[in-house]
Amino acid sequence: MRIIGLLIVIAFGSLLRYGVFFFPEWGDPASPPSLHVSPHYIEEAIAETAVPNLVTAVLADYRGYDTMFETTVIFAAGLACFMLLRVLQRQVPECRLYRHIPTGITLRIEKGGKLPTESGSFERIDSNWVPHDLIIKSTSRFITPFLQIFALYVIAHGHHSPGGGFQGGVILGAAVIMYAISYDLRRSIQRIGEQATAVLGSAGVLIYAGTGALCMVLGAAFLDYGALAGLLGVDPVMARSHGMLIVEIGVGIAVSAVMVWIYYNLSSAGRHDEGL
Amino acid sequence: MQWQIEILLYIILIVAALSALGIRNLLAAVVILNIFSFMSASIMVSMGAIDVAFTEAVVGAGAVGVFNILAILRTSRKSLD
């Protein structure tokens with residue numbers, strides 16, 4: 001079986017390698033995209049959209065339709081994880097572990113036992129994963145604000161430097177995930193609940209599609225941000241730049257919320273109770 | 001100088017890909033896969049595609065690693081074949 005698999009992999013690998021010979025050379029000036037599409041972007045993008053970063057201009061404006069459905073795909077991934085993994089009926093676990101904070105003693109309370117109150121000197125801990133490290137907790141506490149500010153910078157500055165909604169959104173989600181790993185899942189869910197992640201994820205997609213629909217209402221084509229000039233109070237070229245910013249913010253919100261949502265469902269196997 | 005560095009990056013990329021396939025410990029495979037992602041991000045930087053490299057570094061070497069580790073935590077740590 002292994003040999004058959006290896007033969008199939010080698011056959012298809014060499015087929016792919018053979019197909020690569022028909023591609024244009026890397027950076028070939030005579031290849032079809034380099035003849036009319038790329039020169040237009042390179043020469044006209046700054047005049048048409050006032051965005052110095054060509055990649056963002058192509059991603060969010062010229063190919064905005066594509067990016068909208070990429071965001072939708074990410075939201076659908078979060079929804080698929082929710083549908084597959086989430087366990088909705090509440091099950092009481094076999095036993096719960098608590099730590100008495102002043103002494104560090106761990107208590108094991110069987111099903112039906114009297115549980116201590118969360119406030120005060122008892123802290124609930126997970127049965128398979130017990131993060132109890134002062135250095136990790138303090139470091140994550142120290143890093144999180146910087147990480148979040150950097151994520152907001154990446155989202156907002158995506159026009160002028162590498163970055164944008166996807167990258168910034170993942171960093172913003174990673175900040176929450178780092179908090180959940182270094183403390184515990186329940187504390188993270190108290191801060192950003194499951195409903196908040198679901199609502200924010202769909203709100204991000206709605207911001208993107210809504211911006212496009214608003215352009216249609218104002219009489220232009222879908223996602224033609226030039227039509228927002230009257231609303232934003234700027235000229236049509238600057239309006240395309242601002243439209244991209246609005247869209248990138250939508251992408252950032254959707255991606256960060258979906259990252260956290262997938263993390264919650266994966267780490268606790270859908271129970272949202274004990275997890276990494 | 002640049003092409004020597006690129007050749008080195010490609011060598012690390014291929015070695016990482018092969019050892020991620022071959023290794024039995026799945027946690028080690030995830031770490032090696034992150035090295036693979038980071039190397040491909042570096043190659044994209046050397047090609048001048050900074051935006052793509054940024055995405056690859058953030059998603060491939062960061063987020064996917066976390067999700068893979070979570071999946072291993074919920075299943076088994078050893079590969080069966």
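This short talk covers three strands of chain A, a charged surface patch, and the helices of chain B.

Keep in mind that this is a predicted model.

I'll start with strand β1 of chain A, residues 95–100. Of its 6 residues, 5 are buried, so the strand is largely enclosed by the rest of the structure.

What does β1(A) pair with? One partner is strand β2 of chain A, residues 105–110, which runs antiparallel to β1(A) and is joined to it by 6 bridges. To place yourselves in that pairing, look at A:Arg99, whose bridge partner in β2(A) is A:Thr106. The two strands make a hairpin, with 4 residues between them. In that turn sits A:Gly104, with a positive phi of about 80 degrees.

β1(A) also pairs with strand β3 of chain A, residues 122–125. That pairing is antiparallel too, over 4 bridges. Here A:His100 stands opposite A:Phe122 of β3(A).

Now the surface. Which residues form the positive patch? They are A:Arg2, B:Arg24, B:Arg77 and B:Lys78. Let me pick out B:Arg24, which lies in the loop between α1 (2–22) and α2 (26–47) of chain B. Its relative accessibility is 49%; exposed starts over 50%, so B:Arg24 counts as partly exposed.

That brings me to chain B as a whole. It has 3 helices and 0 strands, and the order from the N terminus is α-α-α. The C-alpha trace of chain B spans about 45 × 25 × 10 Å along its principal axes. Chain B has 81 residues, and 28% of them are buried.

That's what I have.

Conventions: Residues numbered from 1 in each chain as written. Chains lettered and ligands numbered in written order. Predicted model: local features only at pLDDT ≥ 70, side-chain atom pairs only at ≥ 80, totals over all residues. Heavy atoms only, no water. Buried < 20%, exposed > 50% of the residue type's maximum accessible area, 1.4 Å probe, protein only. Pairing = 2+ DSSP bridges. Patch = residues over 30% accessible without salt bridge, like charges linked within 9 Å, V, L, I, M, F, W, Y side chains within 5 Å. Areas by Shrake-Rupley, 256 points an atom, 1.4 Å probe, with all protein chains shown as cover. Salt bridge = Lys/Arg side-chain N within 4 Å of Asp/Glu carboxyl O. Lys, Arg positive; Asp, Glu negative; His and termini not counted. Charge placed at Lys NZ, Arg CZ, Asp CG, Glu CD.
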